[in-house]
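Colleague: I should like to learn how the features of a protein model are read, one at a time. May we begin with a single residue and then move outward to its surroundings?

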Amino acid sequence: MGAIIAHLGSRATGARALASLGWLPAGSAAASAARDYGPLHELAPGVYVQRGADETASTVNRGAVANLGVLVGPSGVVVVNTGSSAEHGAALLAAVARLTDRPVVLAIDTQASPDQVLGNSAFSGRGIPVLAHRDTAAFMHEHCDACVADVKAKADTDALAATRVAWPTRLIDGSQTIRAGGRTIQVLYFGWTKQPGSVAVLDVGSAVLFTGDIASFGVVPEAQLGQLQNWIDALRDLQSLKPAIVVPGHGAPGPARRLEQTRSAYLRGDGLMETVEHLQLPQFRRWALYEAHHRRNVHFTYLRIEEQDLRN
């Protein structure tokens with residue numbers, strides 16, 4: 001990680017218009033709307049985000065609840081996460097085509113979540129390679145049929161009905177620095193964190209960090225699959241990179257200090273039912289999906305802690 005940190009000697013100040021980095025002002029919307037999936041907001045020169053809805057997947061939002069990234073380089077475009085359906089992926093590609101005539105040369109799946117990878121087929125169908133960690137591909141093969149069925153149950157739309165799972169085509173085994181579209185990009189892997197194979201993506205030139213679901217700002221994440229100590233350590237390591245802007249998997253982009261808030265969300269245990277009933281995180285109660293995810297997170301976290309104690 002030291003070499004990565006050293007590589008960030010010069011960071012762009014882009015996205016001053018983020019208004020204290022708490023939210024994206026209306027005037028910063030760039031480029032275009034991906035149909036009705038939302039506009040691409042410019043965070044730094046050539047770096048855009050399409051915001052997901054801060055809510056659970058539904059027929060209204062068509063499962064589009066994750067943030068997607070677009071990095072426009074001198075010779076091509078890299079997309080970070082492909083969307084919630086084949087339609088969403090195709091609409092994102094159309095938005096990129098309205099933004100620039102440079103080709104999309106790579107898509108990156110930060111993890112195997114349906115709101116982030118079900119647009120893969122729109123990319124692979126056009127011959128665009130999709131990069132992911134090998135464990136993400138394995139997780140998709142093992143779980144994607146079930147997770148797609150779950151999303152369709154919550155957000156049953158024509159877009160999802162026509163969506164098929166498309167696997168990543170370019171697999172990595174650890175952190176890598178790559179050059180794509182004329183931009184230098186670091187794909188950062190910290191072991192099993194939120195999910196096996198979860199990665200973050202750092203655009204070196206702008207110092208904009210896309211964390212995938214390793215971080216979530218203002219939206220309570222689902223933690224039941226997480227390896228908490230690795231996850232907490234990864235948040236510390238990401239903060240140490242001192243990124244100019246952090247784009248979480250869910251929630252509004254913000255400054256690096258918000259990674260510490262996410263890190264502080266992880267839980268203690270007293271006894272399973274007492275913990276579930278009484279452990280509260282008042283500083284996060286106003287975050288979206290608190291009621292939906294908090295009790296379940298505590299339940300699974302306690303069981304994982306108990307399992308580790310028994311092994312020790």
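Colleague: In which strand is Thr211 placed?

Modeller: This is a predicted model, and in it Thr211 belongs to strand 12.

Colleague: Is Thr211 buried or exposed?

Modeller: A residue is called buried when its relative accessible area is under 20%. Thr211 has 0% relative accessibility, and therefore it counts as buried.

Colleague: What lies around Thr211, apart from its neighbours within four places in sequence?

Modeller: Contact is judged by heavy atoms within 4.5 Å. With those neighbours set aside, Thr211 is in contact with Val199, Ala200, Leu238, Val246, Val247, Pro248, Gly249 and Leu259. In addition, a polar atom of the Thr211 side chain lies 3.4 Å from the backbone nitrogen of Ala215.

Colleague: How many cavities of 30 Å³ or more does a search of the whole structure find?

Modeller: A cavity is a space where a probe fits but cannot get out. The search finds two of that volume or more. The second largest cavity, of about 40 Å³, has Thr211 in its lining, together with residues including Asn67, Val80, Thr110, Phe210 and Pro248.

Colleague: Which strands each supply at least two residues of that lining?

Modeller: Strand 4 (68-72), strand 12 (208-216) and strand 13 (245-250) each do so. By character, the lining of the second largest cavity consists of seven polar residues, five nonpolar and no charged.

Colleague: Which residues touch the most other members of the largest nonpolar core?

Modeller: A nonpolar core joins buried residues of certain nonpolar types through their side-chain atoms. The largest one here has 23 residues, and Ile108, Val208 and Phe210 touch the most other members. Beyond its neighbours within four places in sequence, Val208 is in contact with Leu43, Ala44, Val47, Val201, Leu202, Asp203, Ile245 and Val247. There is also a second, separate core of 18 residues, with Ile214, Phe217, Leu235 and Val246 among them.

Colleague: Where is Gly197 found, and is it buried or exposed?

Modeller: Gly197 sits in the loop between strand 10 (183-189) and strand 11 (199-203). Because its relative accessibility is 0%, Gly197 counts as buried.

Colleague: Which residues is Gly197 in contact with, leaving aside its neighbours within four places in sequence?

Modeller: They are Thr110, His133, Asp135, Thr136 and Tyr189; of these, Thr110 also helps to line the second largest cavity. A separation can be given between C-alpha atoms as well: those of Gly197 and Asp173 are 8.7 Å apart, while the two residues are 24 residues apart along the chain.

Note on methods:
Residues numbered from 1 in each chain as written. Predicted model: local features only at pLDDT ≥ 70, side-chain atom pairs only at ≥ 80, totals over all residues. Heavy atoms only, no water. 1 Å grid on protein atoms, 1.4 Å probe; cavity = no way out; pocket = protein on both sides within 12 Å on 5 of 7 lines; lining within 4 Å. Points joined across faces, edges and corners; volume = space filled by probe spheres on them. Helix = DSSP H or I, 4+ residues; strand = E, 2+ residues; numbered from the N terminus. Nonpolar A, V, L, I, M, F, W, Y, C, P; charged D, E, K, R; others polar. Core = buried A, V, L, I, M, F, W, Y, C linked by side-chain atoms within 4.5 Å. Buried < 20%, exposed > 50% of the residue type's maximum accessible area, 1.4 Å probe, protein only. Polar contact = N/O pair within 3.5 Å; in protein donor to acceptor, adjacent residues only side chain to side chain.
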